[in-house]
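User: Hi! Could you walk me through this structure in plain words? I'm new to this, so please explain the terms as we go.
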Amino acid sequence: MNMYNERKDGEVVKTAGKTYFLDIEKTKTGKPYLKITESRKDSKSGDPIRNTIIVFQEDVHLFAQAINRVSYQIGIDEHDK
């Protein structure tokens, strides 16, 4: 089950076992950046686990381009190569 939700300052993507938060935050100087957080439960203890990466404004387009290229590569059927 994939679920994509729009939020005021970002997006949420819910999958079977994880939730991804794409939040727009601001530095102390007011410059926006993207904060991507993965949230899931530990399979053994059930404790929540969160991992976060930060992508600064000047790099967001590079990050988006890379995701587009990789998502295309993932979608390529082995017989098409």
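User: Let's start with one residue: is Y33 buried or exposed?
Analyst: Y33 counts as buried, because its relative accessibility is 16%. Buried means under 20% relative accessible area, exposed means over 50%, and partly exposed is in between, using a 1.4 Å probe and protein chains only.

User: Before I go on, what kind of model is this?
Analyst: This is a predicted model, where local features need pLDDT of at least 70, side-chain atom pairs count only at pLDDT 80 or more, and totals for chains, interfaces and linings use all residues. Residues are numbered from 1 along each chain as its sequence is written, and side-chain values use heavy atoms, with hydrogens and water left out.

User: What is the average pLDDT of the chain?
Analyst: The average is 87, and 84% of the residues score at least 70. For residues 1–6 the pLDDT is below 50, and this stretch has 15 contacts in the model beyond near neighbours in sequence. pLDDT is the predictor's confidence in each residue, from 0 to 100, and a contact means heavy atoms within 4.5 Å. Where pLDDT is low, the predicted coordinates should not be read in detail.

User: Got it. How many helices and strands does the chain have?
Analyst: There is one helix and there are five strands, and along the sequence they come in the pattern β-β-β-β-β-α. Helices (H or I, at least four residues) and strands (E, at least two) are DSSP runs, numbered from the N terminus.

User: Which way do β4 and β5 run relative to each other?
Analyst: Strand β4 (residues 32–41) and strand β5 (residues 48–56) run antiparallel, joined by nine bridges. Two strands pair if DSSP finds at least two bridges between them. One bridge partnership is K41 with P48 in β5. The hairpin of β4 and β5 has six residues between the strands, and G46 there takes a positive phi near 80°.

User: And how do β3 and β4 pair?
Analyst: β3 and β4 pair in the antiparallel sense, over nine bridges. D23 has K35 in β4 as its bridge partner. These two strands form a hairpin with five residues between them, and G30 in the turn has a positive phi of about 90°.

User: Back to Y33. Which ring does the ring of Y33 pair with?
Analyst: One aromatic pair is counted in this model. The rings of Y33 and F56 have centres 5.9 Å apart and planes at 50°, so the pair is tilted. Y33 is in strand β4 and F56 in strand β5, so to speak distant parts of the chain, 23 residues apart. The rule is that rings of Phe, Tyr and Trp (its six-membered ring) pair if their centres lie within 6.5 Å; planes under 30 degrees apart count as stacked, over 60 as edge-to-face and the rest as tilted. F56 is partly exposed, at a relative accessible area of 40%.

User: Switching topic: how many salt bridges are there?
Analyst: The count comes to three salt bridges. A salt bridge is a side-chain nitrogen of Lys or Arg within 4 Å of a carboxyl oxygen of Asp or Glu.

User: Which side chain does E38 meet in a salt bridge?
Analyst: E38 meets K18, at 2.8 Å from N to O. E38 lies in strand β4 and K18 in strand β3 (residues 18–26), so this pair ties together parts that are 20 residues apart in sequence. E38 is buried, with a relative accessible area of 14%, while K18 is partly exposed, at 29%.

User: What about K35, which you mentioned as a bridge partner?
Analyst: The side chain of K35 also meets that of E25 in a salt bridge (3.6 Å, N to O). That pair links E25 in strand β3 with K35 in strand β4, ten residues apart. K35 is partly exposed, with a relative accessible area of 24%.

User: And which side chain does K31 meet?
Analyst: K31 meets E58 in a salt bridge, at 3.0 Å from N to O. K31 lies in the loop between β3 and β4 and E58 in the loop between β5 and α1 (60–75), so the pair ties together parts 27 residues apart in sequence.

User: Last one: which residues does S39 touch?
Analyst: Not counting residues up to four places away in sequence, S39 touches G17, K18, T19, F21, I49 and R50. S39 is found in strand β4, and it is buried, with a relative accessible area of 18%.
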